[in-house]
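The following exercises concern the interfaces and the enclosed spaces of a predicted model. Each task is followed by a solution that proceeds step by step.

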Amino acid sequence: MAKAELMNYEQALEKFEVVIGLEVHVELNTNTKMFCGCRNDFGDEPNTNVCPICIGLPGSLPAVNRKAVESSIAIGLALGCEIAPNGRFSRKNYFYPDLAKNFQTSQYDEPIAFEGTIDIEVPSGAVYTVDIERAHMEEDAGKLTHVGGNTGRIQGAEYSLVDYNRAGVPLVEIVTKPVYGAGAEAPELAAAYVRSIREIVKALGVSDARMERGNVRCDANVSIRPHGQEKLGTRTETKNVNSLRSIERAVRYEIQRQAHIIANGGTITQETRHWHEDRGITSSGRPKSDADDYRYFPEPDLVPVQPSNELIEQIRASLPEKPAERRKRLQGEWQFSDLEFRDVVNSGLLDELEETVAKGAKPQAARKWWTGEIARLANAEGKDVADLAITPADVAELATLVESGKINDRIGREVLQAVLEGAGNPAKIVADRGLEVVSDDGALQAAIDEALAKQPDVLEKIREGKLQAAGAVIGAVMQAMKGQADAGRVRELIIERANA
Amino acid sequence: MSELTPDLVRHLASLARIQVTDAEVDRFAEQLSLIVESVATVNSAVAGDVPATSHPIPMANVFREDLVEPSLTQEQALSGAADSDQGRFRVAAILDEE
Amino acid sequence: MSELVKKNASELVELLQSGEITSVELTHAFLDRIEKLNPVLNSYLHVNAKEALATAVEVDRKRAAGEKLPMLAGLPIAVKDNLTTTDAPTTAGSKILEGWIPQYDATVVKLLREEMMPILGKTNLDEFAMGSSTEFSAYGPSKNPWDTGRIPGGSGGGSSSAVAGFLAPVAIGSDTGGSIRFPAAVTGTVGTKPTYGAVSRYGLIALASSLDQIGPVSRNVLDAALLSDVISGYDKHDSTSLPESLGSMAEAAKSGSLKGVRVGVIKELNGEGFQPGVKARFNESLELMVKAGAEIVEVSCPSFEYAIAAYYLILPAEASSNLAKFDSVRFGMRVTPEGNPTIERVMAATREAGFGPEVKRRIILGTYALSSGYYDAYYGSAQKVRTLIQRDFDAAFEKADVLVSPTAPTTAFKFGEKLEDPLAMYLNDIATIPANLAGTPGMSIPNGLATEDDLPSGIQLLAPAREDKRLYAIGAALEALHEAVWGKRMIDFAPEVKAGA
Ligand SMILES: [Mg+2]
Ligand SMILES: [Zn+2]
């Protein structure tokens, strides 16, 4: 798994056209699994949310979860897809120990939704239309743990353990058509696309959409071809890319890796590849070959799904606002500049911002906190903002504390840090630690007296119009008050004193 | 129709995860070729435009409500397994990554 | 031997209800006979004496206390060993499941328990119900009580030999291509495959999901009807289960008549090429029916010619997928090869050791039929043949109320006779397979002995989907005509089975 040689990114794009394709698996947040009544909750003790159906005991039969079908239709509609008047399940046959029946019940030639489109804005502001080929229903597999060796990895493991709690959890797999023309922005487009899918399924309320928990998982197909060449290049499918940052990095890596190989006369192997977050590389997985014969056939234990027009229209009517329309509305309400607003969207923080504003923060303050300090902290930890332990309610509280002058910006940052460390919500932290700024003028006057005693000429300079001279006194007062003073108020008091 | 050569039988057996000896491969190839020759007649039966029937009694839209039903206990779930460990089914190492 | 065991189930139910016999007494009578004769017939793979008696005791206690009981409470029954039972091992006749105790009861088993029927044990079958003779059972074949050198039919030869040998009054079978009806024909008993979906398949170890159907095995039509009424009905665990009730088969059996019934003789299955004695008995029955007021019409089902071919593509294809779960991970046998094998090798070695030759043959055939490049020619075409067969049935039922044919081309053959020739074995099912492909109901009832070998032959009745009642009404009427001619039940012609030395 040596690090492959890479071509410089700009050079790669000069030489090659990039084509990407994305497969996103969305785990639905139904109460129960796709084909049985077990709880859809795989964080529990292993093999406790399992039954004869989801561990594939002989004689058991599947039964389709109505809610999962409705959620799938909602996703299809939100992606602008047609809903199939006649869909059915098929069996995808292959042996793997996390697959209880050694076939996955999935949809093959008759997916529930097909032919959609979605507009995706990338950080530069450019908008690309991504065509959706299909969205289909299927079931998740169980979870393998590799034991022995020293890595916890599959290679070198002595044996593996299987927990089927996740087996049968309903998934919707959304597959794009090949996406052309994004050029250097292909990696950003891939990430922005997945972010949009997350936004959509979250807004629909059909998935918890937490990437770090695997609720949204992305497989990224990448191929390149010399500019002007008609024939598509051989693609690789990078699996297991489970954060927005990783998607961007993995696509970029594959472009550079493939470019190096082709430029040096090599050929790309059609294979699955694995993304290694820690090392920032992809490694070779299983080659695709003729042996991949899934022998799909219609699932004989299930009957077709034929959603009525009435049901489809009912679901369509209950769809939330389209993301693009919502953005337009929010930008207007918040009165953000295009640049400010794009910054929020690109950070994937629209939901957080909206909630923060709803909880009472001023839009600009909310924006400043989320895209500023919070984003910086997340970045420093190599995480997505969404994964930090802070809620919009916390941020709203923080912004309100600053707005009302109870704390200043600097203390605010300190409080934020404490929230992330789990010390409680901002108001509690301020109270516990006595961080509220000193607004008692008497205490401030005393501190000013003390500072002026050391710099007696300051008042004179102010009177002469050299207002910046106040700075030294303000600094001394703030120091004396251990930062818990409102610097603006201190300044006012000093100027009052000079003009008295 | 294509004949079931020993190589094809070996490939099919591997797809079906059945270990086969050379003798078995030869025997199956011979027997299955005869069977395939005989069943291949289905092709000539459906020359026209005939829809496929995968469910003998046509039905649609049979759904289960999204309500939790009792699961097995971990002990019950593992009771039939050849080997288990830490509440999980234990299997030999997996060579092939995913 | 108690003569009790030879009585029809309907009579036993009356004796139980009137208090003339107890369920414990009756259950003991069958258990005694099983103990004596099962070593000869090998009908049961597992005998559930303790549990059966516990149910019997409970029934007797409730009856003594004057509590209301279900209709068949206290009547013992045998269950084919491809239905899951939490209190008895379930093997499907395969080594790969040896000793497996399922974690759940099949829906049909649950219904039998609710009916408070003591379950005597689990009956033998060809491995995973793949076969027509029980010779493919991993636990040795069952014997035909009429001649223990001959097969009892298959796959449900355990149930048919148990019922024909009086080791159970009634039994449960499963029929994918004739596995209830062919054994019935060669053992002089009654077997019904209901309309697809009439009986829940939940807990039936699947052979071919779109063909499998559970049904009753008995010694007369009314008994089959009584049992059918217990096991039929919608089950939310089986998505292909029919939502509507098909009515009471027992009532249909009691009110049967042949007057004005249009009986269709299928040109393509009219006995041409069948064993002479089988054909002669079939023609006699047609005459009997005419005398009773029926009208014989000839119908043609040209696509039946392709039924076996379609069947031997659809069945192995579905079976190859259904049997993939037997991989040593969650249940069943595990074989670990030498060295430090990977899971792939453990699975392959387990399936090599755990599956018999016929199962492997069909899995490989099914894998082939579904492979890319072959799917359309094989599985796809076979599914189209199904449509043609349904059309043939539709056209035939325009002209006739029921269709009839001999159930099987021959009487029971000798062990080993067709073992090495899969194609010859497959031909047994020529008359029974079309009903499975079309989902329509079929019944085999005793049709007299073939003169050349004095062995039972059967007549098959076929009705349109959901019209199972016709089978019971007409079957019961024909049965009554036969018994009037013979002066006794056909099963009473059977020689007494001799206990082993
Ligand atoms: Mg998939
Ligand atoms: Zn389950």
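**Exercise 1. Identify the salt bridge between chain C and chain A, and describe the interface around it.**

*Solution.*

Step 1. The side chains of A:Asp301 and C:Arg201 form a salt bridge with an N to O distance of 3.0 Å. A salt bridge here is a side-chain nitrogen of Lys or Arg within 4 Å of a carboxyl oxygen of Asp or Glu. Across the interface of chain C and chain A, the count is 1 salt bridge.

Step 2. The model is predicted, so that local features require pLDDT of at least 70 and side-chain atom pairs pLDDT 80 or more, while totals for chains, interfaces and linings use all residues. Residues are numbered from 1 along each chain as its sequence is written, chains are lettered from A and ligands numbered from 1 in the order in which they are written, and side-chain values use heavy atoms, without hydrogens and water.

Step 3. The interface of chain C and chain A also has 16 residue pairs in polar contact, both residues being at pLDDT 80 or more. A polar contact is a pair of N or O atoms within 3.5 Å; within protein, one must be able to donate a hydrogen and the other to accept it, and residues adjacent in sequence count only if both atoms are side-chain atoms.

Step 4. On the side of chain C that touches chain A, helices H10 (307–322), H11 (343–354) and H12 (357–370) of chain C each give at least two residues. Helices (H or I, at least four residues) and strands (E, at least two) are DSSP runs, numbered from the N terminus. The largest share, 4 residues, belongs to H10(C).

Step 5. Contact, meaning heavy atoms within 4.5 Å, joins 37 residues of chain C to 30 residues of chain A. The buried area is about 2600 Å², with 61% from carbon and sulfur atoms. Buried area is the accessible area (1.4 Å probe) that two parts lose on being put together, summed over both. Within chain C, the residues that lose the most area to chain A are C:Ser239, C:Lys325 and C:Arg330, together 21% of what that side buries.

**Exercise 2. How many salt bridges are counted between chain B and chain C, and which elements of chain B contribute to the contact?**

*Solution.*

Step 1. Between chain B and chain C there are 2 salt bridges. C:Lys236 and B:Glu69 meet through their side chains in a salt bridge at 3.7 Å, N to O.

Step 2. There are 16 residue pairs in polar contact across this interface, both residues at pLDDT 80 or more.

Step 3. Elements giving two or more residues to the side of chain B that touches chain C include helix H1 (6–15), helix H2 (22–39) and strand E3 (88–92) of chain B. H2(B) gives the most, with 9 residues.

Step 4. The contact takes 56 residues from chain B and 65 from chain C. The area buried between them is about 5000 Å², of which 68% comes from carbon and sulfur atoms. B:Arg17, B:Pro56 and B:Ile57 supply 13% of the area that chain B buries against chain C, more than any other three residues.
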